Amino acid sequence: MNNTEHVSFLEHQGKHKGILAWILSTDHKRIAFLYMYAIAAFFLVGAILGLLMRFELIAPGETIMKPQTYNGIFTVHGIIMIFMVVIPGLSAVFGNFFLPILIGAKDVSFPKLNLFSWYLFMFGSALAVASQFLKSGPPDTGWTFYAPYSTTTGTSVIIATTAAFILGFSSILTGLNFIVTVHRLRAPGMKFFNMPLFPWSLYATAWIQLLATPVVGITLLMLIAERLFGIGFFNPDLGGDPVLFQHLFWIYSHPAVYIMILPAMGVITEIIPTFCQKKVYGYKAIALSSLAIAGVGFLVWGHHMYTSGMSEQARWFFSLLTFIVAVPSAIKVFNWISTMYKGSIDMKPAFLFALAFIFLFMIGGLTGLILGSVATDIQVHDTSFIVAHFHYIIFGGMGFAFFAGLHYWFPKMYGRMYNFKRANFSVIALFVGFNLLYFPQFIIGVQGMPRRYFDYFPRFQWAQILSTIGGVILFIGLIVMIYNLVKAARSGEKAPANPWNGSTLEWQLPSPPSIENFDEDPVVKENPYDYN
Amino acid sequence: MSNNSPHITDYKVLAKVLLVLMFLTFVTIEITSIDLAAFTVTIALLVAGIKSFLVLSYFMHLKYENLLLKILVTMVFVLFIIIVLITFIDYSFR
């Protein structure tokens with residue numbers, strides 16, 4: 001490629017100018033940026049709400065807000081973080097930007113549908129935000145909208161569930177686009193088993209998005225129908241079954257955990273071989289474990305329902321399946337560690353984030369086994385142990401993988417380098433703050449601290465204080481990271497095409513890439529991680 | 001890469017499939033008037049499954065696609081059946 005003729009997608013002059021050149025663009029990279037800025041804004045709002053909850057919990061009783069406000073805030077925090085940040089996060093941002101590039105394509109299969117997905121995402125998000133400010137008050141059901149309470153509460157449940165329904169459609173369309181892209185647009189010569197592993201994880205994720213999301217869509221419609229027309233799907237007073245809601249909700253929402261974590265695993269699988277300068281260990285095992293997680297992940301939803309009144313036979317069956325899903329996850333962890341073994345390790349910030357991911361994901365995964373086992377789950381059900389486990393998987397997993405991906409691909413996306421010292425500081429602050437925030441919640445959870453409670457016994461206060469301090473450190477780490485990246489995007493040093501000596505296709509392109517990515521059909525290596 | 005070659009289905013074939021679909025819709029309606037207890041839903045689902053198969057095969061052209069896509073779509077139905085069966089482990093023993 002001749003760099004003197006290179007016009008990056010950021011500088012490209014199309015039919016439209018200014019903001020229209022962005023919000024009407026069907027370029028997958030620009031759409032990725034649209035998602036990223038929207039998600040970053042939602043994330044900051046969600047994080048501030050989380051911090052407010054932490055300040056409320058610093059002492060027993062009322063400190064900075066009323067109980068109903070607290071109920072509203074934890075619901076909003078959940079809806080924003082789950083539906084508007086974590087589920088779309090990695091797929092919509094890095095998937096959109098890098099899937100076509102990594103398989104040697106010029107765009108996704110349906111670029112207009114891709115832009116439409118973003119509009120649906122923004123519309124659904126706007127509705128979710130609006131639901132918080134309506135006269136009836138923000139929904140107070142938690143992000144799970146459990147029936148029968150959600151069928152009777154006077155808060156804005158219908159608007160919030162409609163928002164989740166529309167956000168789900170955005171997710172389905174993105175999944176559909178990615179499946180077709182992987183099947184139809186791979187570069188000549190690129191077979192499934194020499195595709196990089198991030199596209200593999202996106203492919204597995206896309207199937208979950210396509211198949212599981214309609215289930216929650218229908219469930220939420222049933223909930224709306226019950227509220228509006230009094231149809232007795234879930235309310236026992238009307239002849240319904242509240243456990244049916246839980247079944248339907250978790251048939252989607254457990255696979256949704258894998259919508260969040262599978263792309264995260266894909267990002268980590270790209271980062272580790274690059275910073276170890278070593279071929280990834282067990283390529284096929286990692287690729288197939290993504291499909292295995294997607295497949296088995298569909299069958300374990302009942303472990304969220306051990307205390308719901310579900311039959312005993314179903315409980316042990318779901319417990320068995322839950323233990324099985326741990327196997328493909330463990331395969332990935334063992335393969336990452338084996339890839340590092342005897343590698344030429346370069347401790348750059350992206351790699352440090354990846355290491356933090358493995359550590360935090362391991363804690364989240366191992367505590368997941370405690371929750372997968374029926375007897376121990378019943379002991380800690382609906383306690384802060386769940387809050388800690390959940391955040392170790394979702395924030396420690398998906399969140400840290402997102403930060404890792406951001407630091408890994410930032411030079412490619414913006415064509416600029418960030419400051420390593422500030423980046424390292426943010427890794428440490430985030431890691432320390434995160435553990436200080438969530439680990440004490442495991443301990444008081446086992447001791448009986450309930451989740452979603454506004455008030456608590458004084459004996460739990462030591463942990464709540466530590467958690468609040470951790471929350472503040474975490475927030476400082478976030479601010480430093482954002483400052484560092486924003487400063488780099490505006491005035492950072494120019495990044496070379498391949499700053500990390502990576503071997504996959506994106507590093508063969510100039511930074512940032514041109515509007516059509518490849519001027520000529522890319523050369524596809526037999527193994528995408530060939531460092532010899 | 002998948003095979004993108006075009007294919008044209010004869011209108012006569014499509015018309016025959018449409019007639020079969022209409023007949024099966026009639027069966028779905030009529031089955032509700034016969035008392036088959038729990039099997040009513042089973043038969044209705046079976047008929048719906050056959051109709052889906054015909055629509056996917058002829059109207060959505062899956063019949064002409066490569067083996068990989070056929071396997072993937074079959075897996076979706078297998079997954080759906082497994083999910084329904086697992087749900088009934090709860091309902092059957094509660």
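Helix axes at under 35 degrees count as roughly parallel, over 145 as roughly antiparallel, 65 to 115 as roughly perpendicular, and anything else as oblique. That matters for a helix pair in chain A of this predicted model, where local features need pLDDT of at least 70, side-chain atom pairs count only at pLDDT 80 or more, and totals for chains, interfaces and linings use all residues. Residues are numbered from 1 along each chain as written, and chains are lettered from A and ligands numbered from 1 in written order.

Helices α3 (residues 67-102) and α6 (residues 157-184) of chain A pack at about 20°, their axes 11 Å apart (axes are lines fitted to C-alpha atoms over the stretch in contact, with angles from 0 to 180 degrees between N-to-C directions; helices are DSSP runs of H or I, at least four residues, numbered from the N terminus). α3(A) and α6(A) are therefore roughly parallel. Among the residues making the contact (C-beta atoms, placed from the backbone, within 7 Å) are Phe83(A) and Gly95(A) from α3(A), and Leu167(A) and Phe178(A) from α6(A). By class, this contact has 12 nonpolar, 5 polar and no charged residues (Ala, Val, Leu, Ile, Met, Phe, Trp, Tyr, Cys and Pro are nonpolar; Asp, Glu, Lys and Arg charged; the others, Gly among them, polar).

As for confidence, chain A averages a pLDDT of 93, with 99% of its residues scoring at least 70 (pLDDT is the predictor's confidence in each residue, from 0 to 100). Among the elements of chain A, helix α5 (residues 149-152) has the lowest mean, 88, and helix α14 (residues 420-446) the highest, 98.

Conventions
Helices (H or I, at least four residues) and strands (E, at least two) are DSSP runs, numbered from the N terminus. Two residues are in contact if their C-beta atoms, placed from the backbone, lie within 7 Å.
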